[in-house]
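Here are some exercises to work through with the model open beside you. Try each task before you read its solution.

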Amino acid sequence: ELPQRVTIIEVGPRDGLQNEKQLVPAEDKIRFIHKLKSSGIQEMELTSFVSPKWVPQMGDAEQVIEHCTGDSIRNIVLVPNSRGVERLLASGCKSAAFFVGVSDTFNRKNINKSTRESMEELAPLILDLKRKGFFVRACISTAFYCPYEGKMDEQDVLKICEEFAELGVDELSVADTIGMANPQEVYDLFCLLKHHLPSALLIAAHFHDTRGMALANIFSALQAGVDRFDTSAGGLGGCPFAPGATGNVSTEDTVYMLHRMGISTGIQLEPLLDAVEYITPFVSRALQSRQYLLSKQE
Ligand code: HMG
Ligand code: MG
């Protein structure tokens, strides 16, 4: 039986704008985020406390946080290391997302460490933030395929997830970084994870739509019992260190599909499409989201 209610974690301001060629001014990001929030979104990745040398697009993270927190929404920031945690503690943000790749090669390209080195570096940071009462999510990149190493082993994914669970993270976000997973693989992996991980641990699915399989993958994940999805307004998104990956599945197409299936999200489509419209002039490519394109025809 499918869940009756789904939680959307909006990742457009982070996954979307980290990958844009031209820098979006902080004040426009802030307006975009406020517009997104007005649609009823309750959880959002706002930005990243990563190195501005690696990802200049996120260099204004402090400014974005300052103007976008303090409400009842779960405002999440990506954090790669202890320097990121320092910046987090100095900000008003109470939720962090750490990230690691199942694939060693991808992890090196993304955060300049092996997967094992990353896990060792992150463990004490996670324990510290949990002691301080933070909400902590862990994003598992290349959980299906890696652009460098190909197909990943389910058991390696499970092992990393179990390690994060033992460290006490609140949520796992399991990602198809380059949009290569098929619905059968999605069903199998999420069934495996749901079976082995503690039931109190939140599990979200994070799909990129590179090959047009993301909505089918969401349906498959729903069948495996997943009721939390990372999506991006306008279908923005992509990791600068994952060649060939395009945007995340769009929030508006996901919300549309779920509502048509009688599954509630608490999100209203019209203000969401207004937010997408607002950000389009800052985006270098034509948006592929069907709901956005349809709204332009009317
Ligand atoms: P490094 O070069 O190995 O580290 O980078 P470093 O310690 O030598 O630092 C280099 C410079 O950056 C130094 O400055 C540091 O101070 C500074 P310098 O001394 O040269 O002036 N620095 C920082 N500055 C601000 N905030 C920090 C920070 N850390 C170091 N936190 C590092 C290692 C992890 C920093 C780097 O590789 C990095 O920032 N990587 C982030 C990459 C990234 O943001 N990727 C995208 C997010 S993940 C993703 O999109 C996948 C996801 O969507 C799921 C999916 O789809 O798969 C989540
Ligand atoms: Mg991503």
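Two strands count as paired if DSSP finds at least two bridges between them. Keep in mind that this model is predicted.

**Exercise 1. Find the bridge partner of Ser95 in S5, and trace the strands that pair around S4.**

Step 1. Start at Ser95: its bridge partner in S5 is Phe135.

Step 2. Now count the bridges: S4 and S5 run parallel and are joined by 7 of them.

Step 3. Turn to strand S3 (residues 74-78), which runs parallel to S4 and is joined to it by 3 bridges. Here Val77 has Ala96 of S4 as its bridge partner.

Step 4. Follow the chain between these two strands. S3, helix H4 (residues 82-90) and S4 form a β-α-β unit that is right-handed.

**Exercise 2. Decide whether the residues of S4 are buried or exposed.**

Step 1. A residue is called buried if 20 or more other C-beta atoms lie within 10 Å of its own.

Step 2. Take one direction first: Ser95, Ala97, Phe99 and Gly101 point that way and are buried. Ala96, Phe98 and Val100 point the other way, and they are buried too.

Step 3. Put this together: 7 of the 7 residues of strand S4 (residues 95-101) are buried, so the strand is largely enclosed by the rest of the structure.

**Exercise 3. Describe the surroundings of strand S8 and name the strands that pair with it.**

Step 1. Look at the two faces. Glu171, Ser173 and Ala175 are buried on one side, and Leu172, Val174 and Asp176 are buried on the other.

Step 2. That makes 6 of the 6 residues of S8 (residues 171-176) buried, so this strand is largely enclosed by the rest of the structure.

Step 3. Strand S5 (residues 135-141) runs parallel to S8, with 4 bridges between them. Ala138 is found opposite Leu172 of S8.

Step 4. S8 also pairs with strand S9 (residues 202-207), in the parallel sense and over 6 bridges. Val174 is opposite Ala205 in S9. To get from S8 to S9, the chain passes through helix H8 (residues 183-196) in a right-handed β-α-β crossover.

**Exercise 4. Work out which elements the buried residues of H9 pack against.**

Step 1. List the buried residues of helix H9 (residues 214-223): Ala214, Asn217, Ile218, Ser220, Ala221 and Leu222.

Step 2. Find their neighbours: the buried residues of H9 pack against S8, H8, S9, strand S10 (228-231) and helix H10 (251-260).

Step 3. Look just past the end of the helix, where Gly225 has a positive phi of about 95 degrees.

**Exercise 5. Describe the shell of residues around ligand 1.**

Step 1. Ligand 1 is surrounded by 27 residues, and the closest are Val50, Ser51, Asn112, Ser141 and Thr177.

Step 2. Sort the shell by class: 12 residues are nonpolar, 11 are polar and 4 are charged.

Step 3. Ask where they come from. H4, helix H5 (104-111) and S5 each give at least two residues to the shell, and the largest share, 3 residues, is from H4.

**Exercise 6. Is Lys151 buried or exposed?**

Step 1. Locate Lys151 in strand S7 (residues 150-151).

Step 2. Count its neighbours: Lys151 has 12 other C-beta atoms within 10 Å, so it is exposed.

Step 3. Finally, compare sequence with space. Lys151 and Ala181 are 30 residues apart in sequence, while their C-alpha atoms are 9.2 Å apart.

Methods
Residues numbered from 1 in each chain as written. Chains lettered and ligands numbered in written order. Predicted model: local features only at pLDDT ≥ 70, side-chain atom pairs only at ≥ 80, totals over all residues. Right-handed = clockwise from strand over helix to strand, strands pointing away. Contact = placed C-beta atoms within 7 Å. Near = placed C-beta within 6 Å. Nonpolar A, V, L, I, M, F, W, Y, C, P; charged D, E, K, R; others polar.
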